[in-house]
Amino acid sequence: MSDQTTLEQKAHSNGYLAGSNLERVLRAGHFAVTAELGPPQSADAQVIRQKAALLRGYCDAVNITDNQTAIVRMSSIGAAAIALQEGLEPVMQMTCRDRNRLAMQSDLLGAYALGLRNVLCLTGDHQSFGNHPQAKNVFDMDSIQLIHMVAAMRDEHVFECGDPLKGAEPRFFIGAAAAPFAGPVEFRPYRLGKKVKAGANFIQTQLVYDVEAFSKFMEKVRALGLHEQTFILAGVGPLKSPTMARYMQQQVPGILVPDALIERMEAAGAPWAGKKKEELTKEDKKARTVAWQQEGIQICIELIQQLRQIKGVSGVHIMAIEWEEAVKPIVEGAGLYPRPQVN
Amino acid sequence: MIVAEQKPLQEIKALISNAQNVLVVGCGTCVTVCFAGGEREAAILAASLRMSTRLDGKPQEIRHETVQRQCEWEYLDQIAELVQQADIVLSLGCGIGVQAIAEHFPQKWVVPGLNTTFLGLPSEQGVWVERCAACGDCILGLTGGICPIARCSKSLLNGPCGGSEDGHCEISPDTPCAWQLIYDRLLSMDKLHLLMEIQPPKNWRTSRDGGPRKIVREDLRLPTKEE
Amino acid sequence: MDQQVTRNREANQVWQQQIVCYACEHCAYAAADLAGTLRMQYPPSIKIVQLPCSGKLDVLMVLHAFEQGADGVMVAG
């Protein structure tokens, strides 16, 4: 898909590519909100239901991660199906690490049959990060090839090998990730362009804390006209503590955390600063955690408000990792509640 | 070259523990230049095994010999007699050498003394790095002579992924990001347009995924007797 | 009993370490030669092996020395 005309040509009889809630919200011109739900390291469906209850009504769709950081968790399809039962609209994440093209296509068919309508196509973290570093990785395809395959199944009614599908095609609203600050930074807008060319209908970016750097990236994206061919959702996430902020700044590839934000987080914990661990009572620690979290949420709200001003940003993707409770105050605080109903 | 490294002595001792006469066979080609299984290493290993088994109170007869290439029949013919005299052959060749000996001397038990590691080159003295995955369908012409199959941790054809930072791969600060290297090289050669094309999914049939591989060159084959 | 063993050992002969000395012909070996001309004594259990240079020493030579029963190897150069 290269422009809006072809997008309309490829649309289903209902006028949508997939007709997912996320697609309808974005196509109606609303500022979209997506969140993230990490499946448990168990077969406990209740965990999904509890997390779903925290997110319901506060976002247009929820990403269900796929063995995030290469740690075995409930499958994204299984967890997404439960989330769907709970009244959420899932974005099923799919990585290239664990499956070859046969498995990916059969999973796409199964996922669609279960009622899933959004897919986020990812390369996937290397397995050396996770709890099975001895595993053989697959990487039969990369994320760009996966996007193209999902688009071809939907738009051309063919499998990757070129054989036609025998019956209904899976009609997914196709997402992809963008890492604006990973290396080489100059190439990142072009790589996004390749994803759009391959068929990405929406983009969710890596966490943005440095709005200025992101603005520069978006300038280039606009110059390439990509914002008119895909919906770009900027990734945001509440900081939990100064330690977490510093860890992200120093250890996580592709994330820029300005010093000013770390200082703000430190300032939030100032009343308890300079004291040793033993000197702090349980109540002190609890109060400090709350202060940090409030500041983290406040920063996140401000980031959303700034990102919203950038031309070409169609929404935000809130990644509150194992902190789903934070989504509600963030969405409310950013004035994005209630979520629009588009039929 | 094929790069290999020697197995730990204890593992080697366990592999030959049931034999009285052991023949250590070195190889004069790749494993010689990577200092893993040449004449010198064969002699050192033989001496180490002789001493070690003697200290254990169960001395074994350990002889050693090195051939030019373990992976060609004519070189193996030269050690036929020594092989027959031994109870076990400890090959210091790559995995190909071990299998060639097993195939050429079907009555003889052969064990490996090396772990065959990769196809690569010495980047500096004492350091070897992987360069080729022998995928059977070379794309180096698209990537400026830097192989993403062998050198990108995820073998991406449309890299770099989001894990590339400061020129290194997400798996380790010691691992250069192959796609950063490709980007830098194409940029310096004014060929960045090559990166703008989407590379389709790779046909892995030419790689190991299509099953064991074989090349037949009719122009080089010897005529059969009937001809 | 320990005393007996010691006595027996002393009665037979004093145990001496067998040392193999790899010596560079330009310095250490020449020094050993000079020591010989000066009639300086050193134990006969030290065997000197002349090398064109101590840099010629190889792991294999050290291993051979030990394999042949040496208790210690000395490199002089």
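Trainee: Which residue takes a positive phi just after α8(B)?

Mentor: In this predicted model, Asp190(B) does, with a phi of about 55°, just after α8(B). Most residues other than glycine have a negative phi, and most peptide bonds are trans.

Trainee: Which residues of helix α8 of chain B are buried?

Mentor: An α-helix has 3.6 residues a turn, so residues three or four places apart point the same way. Helix α8(B) covers residues 178-188, and its buried residues are Ala178(B), Trp179(B), Gln180(B), Leu181(B), Ile182(B) and Tyr183(B).

Trainee: What covers the buried residues of α8(B)?

Mentor: The cover includes α7 (148-151), β9 (172-176) and α9 (193-196), which belong to chain B.

Trainee: Where are Ala70(A) and Arg39(C), the other positive-phi cases to look at?

Mentor: Ala70(A) is in the loop between β2 (61-64) and α4 (76-85) of chain A, and its phi is near 60°. Arg39(C) is in the loop between α2 (28-37) and β2 (46-51) of chain C, with a positive phi of about 60°. Neither Ala70(A) nor Arg39(C) is a glycine.

Trainee: Is Ala70(A) buried or exposed, and is Arg39(C) buried or exposed?

Mentor: Count the C-beta neighbours. Ala70(A) has 20 inside 10 Å and therefore counts as buried. Arg39(C) has 6 other C-beta atoms within 10 Å, so Arg39(C) is exposed.

Trainee: Which residues does a cis peptide bond join in chain A and in chain B?

Mentor: Look for omega about 0°. One such bond joins Tyr337(A) and Pro338(A); Pro338(A) is in the segment after α12 (327-333). Another joins Gly159(B) and Pro160(B), and Pro160(B) is in the loop between α7 and β8 (168-169) of chain B.

Trainee: How many residues does the largest nonpolar core have?

Mentor: It has 118 residues, and among those with the most contacts inside it are Val62(A), Cys121(A) and Val327(A). Helix α11 (residues 282-308) of chain A gives the largest share, eight residues. A second, separate core has 39 residues, including Val3(B), Ile16(B), Val67(B) and Ile79(B).

Trainee: What does Cys121(A) touch, leaving out residues up to four places away in sequence?

Mentor: Its contacts include Met94(A), Ser143(A), Ile147(A), Val150(A) and Ile174(A).

Trainee: Why is chain A described as compact?

Mentor: Compare the radius of gyration with the globule rule. For chain A the radius is 20 Å, close to the 20 Å given by the rule for 343 residues, so chain A is as compact as a globular protein of that length. Buried residues make up 51% of the chain. Its secondary structure comes to 12 helices and eight strands.

Methods
Residues are numbered from 1 along each chain as its sequence is written. Chains are lettered from A and ligands numbered from 1 in the order in which they are written. This is a predicted model: local features need pLDDT of at least 70, side-chain atom pairs count only at pLDDT 80 or more; totals for chains, interfaces and linings use all residues. A residue is buried if 20 or more other C-beta atoms lie within 10 Å of its own, exposed if 12 or fewer, and partly exposed in between; C-beta atoms are placed from the backbone. Helices (H or I, at least four residues) and strands (E, at least two) are DSSP runs, numbered from the N terminus. Two residues are in contact if their C-beta atoms, placed from the backbone, lie within 7 Å. A nonpolar core is a set of buried Ala, Val, Leu, Ile, Met, Phe, Trp, Tyr and Cys residues joined through C-beta atoms within 7 Å. The radius of gyration is taken over C-alpha atoms; the globule rule is 2.2 Å times the number of residues to the power 0.38.
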